[in-house]
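Colleague: I should like to learn how to read a structure that is new to me. May we go through it together, one feature at a time?

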Amino acid sequence: MKKNVFLIGLLTLIFTSCSSDDPAPVNEEEIITTMTVVLTATGQNTVTLQSRDLDGDGPDEPVITISGPLTTNTTYTGSITLLNETVSPVEDITEEVEEEDEEHQFFYQTSGSVASTAYNDEDSNGNPVGLNFTLTTGGTGPGTIQITLRHEPNKSASGVANGDITNADGETDIAQLFNVFSQ
């Protein structure tokens with residue numbers, strides 16, 4: 001009788017420890033302290049936009065730098081680099097976003113002298129990612145570009161493939177508003 005109880009207990013332990021009910025590993029959001037956006041146009045100065053927030057969600061605001069004005073009525077090729085500077089050596093989060101491109105998408109919202117943006121890259125399903133993009137300026141004056149990276153957005157939702165963040169869902173990994181000037 002004791003043998004049977006022991007065997008039943010042992011079998012129960014074996015079956016429950018091998019259960020497939022174990023939770024799937026969670027893909028945590030990235031820690032991003034620095035976003036660098038490089039805008040290049042043929043025959044124009046390269047413009048760099050950068051946001052550095054070394055204390056993350058701490059009390060200090062991000063330090064925003066913009067290397068100069070944009071040129072009016074110009075199309076720029078843009079690229080984004082993301083870093084986690086809380087670790088040593090510094091971690092290049094751009095590589096992770098590229099590797100997990102189906103789970104990430106940048107969204108661009110513009111106003112004023114920043115006329116439009118368009119995606120120049122896509123994931124393996126043909127959906128936009130946004131690490132590479134074009135930015136087109138209009139007339140002279142101030143403008144803004146809000147850049148938001150979403151983790152696990154619903155890329156099949158209405159308008160998301162065209163850059164509409166309204167129905168994107170997912171979690172925001174980083175969002176930054178850059179106030180620029182075109183001349």
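Modeller: Let us begin with a definition: a salt bridge is a side-chain nitrogen of Lys or Arg within 4 Å of a carboxyl oxygen of Asp or Glu. Please keep in mind that this is a predicted model. In general, side chains of opposite charge can pair when their charged atoms come close. Here, D123 forms a salt bridge with K155, with the closest N and O atoms 2.9 Å apart.

Colleague: Where in the chain do D123 and K155 lie?

Modeller: D123 belongs to the loop between β7 and β8, K155 to the loop between β9 and β10, and 32 residues separate them, so the pair links distant parts of the chain.

Colleague: Are D123 and K155 buried or exposed?

Modeller: The cut-off for buried is under 20% relative accessible area. D123 counts as buried because its relative accessibility is 4%. K155, with a relative accessible area of 9%, is buried too. D123 also touches D101, E102 and V129, among others, and a polar atom of its side chain lies 2.8 Å from the backbone nitrogen of N125.

Colleague: How many salt bridges does a search of the whole structure find?

Modeller: The search finds two. Besides the pair already described, E85 forms a salt bridge with R52, the closest N and O atoms being 3.0 Å apart. E85 sits in the loop between β4 and β5 (91-92) and R52 in strand β2, 33 residues apart. E85 is partly exposed, at 26% relative accessible area, and R52 is partly exposed at 32%.

Colleague: How should I read a charged residue without such a partner? What is the nearest side chain of opposite charge to D121?

Modeller: That side chain is K155, 8.3 Å away; D121 is buried yet has no salt bridge. In such a case one may look for polar atoms of the backbone. D121 is in the loop between β7 (114-119) and β8. A polar atom of its side chain lies 2.7 Å from the backbone nitrogen of G130, and the backbone nitrogen of L131 is 3.1 Å from a polar atom of that side chain. Beyond four places in sequence, D121 touches N127, P128, V129, G130, L131 and N132.

Colleague: Let us turn to the nonpolar residues. Which residues have the most contacts inside the largest nonpolar core?

Modeller: In soluble globular proteins, nonpolar side chains tend to be buried together. The largest nonpolar core here has 26 residues, and those with the most contacts inside it are V37, L39, I80, L82, F106 and I147. Among the elements that give it two or more residues are β1 (34-40), β4 (75-84), α2 (93-99) and β6 (104-112). F106 is in contact with I80, L82, V97 and I147, among other residues beyond four places in sequence.

Colleague: Which residues does the second, separate core include?

Modeller: This core of five residues includes F107, A157, V160 and A168. V160 lies in the loop between β9 and β10 and counts as buried because its relative accessibility is 0%. Its contacts include F107, A168, P128 and K155.

Colleague: How does one summarise the whole?

Modeller: One counts the elements and the buried share. The protein has two helices and ten strands, in the order α-β-β-β-β-β-α-β-β-β-β-β along the sequence. Of its 183 residues, 37% are buried.

Methods:
Residues are numbered from 1 along each chain as its sequence is written. This is a predicted model: local features need pLDDT of at least 70, side-chain atom pairs count only at pLDDT 80 or more; totals for chains, interfaces and linings use all residues. Side-chain values use heavy atoms; hydrogens and water are left out. A nonpolar core is a set of buried Ala, Val, Leu, Ile, Met, Phe, Trp, Tyr and Cys residues joined through side-chain atoms within 4.5 Å. Buried means under 20% relative accessible area, exposed over 50%, partly exposed in between (1.4 Å probe, protein chains only). Helices (H or I, at least four residues) and strands (E, at least two) are DSSP runs, numbered from the N terminus. Contact means heavy atoms within 4.5 Å. Lys and Arg count as positive and Asp and Glu as negative; His and the chain ends are not counted. A polar contact is a pair of N or O atoms within 3.5 Å; within protein, one must be able to donate a hydrogen and the other to accept it, and residues adjacent in sequence count only if both atoms are side-chain atoms.
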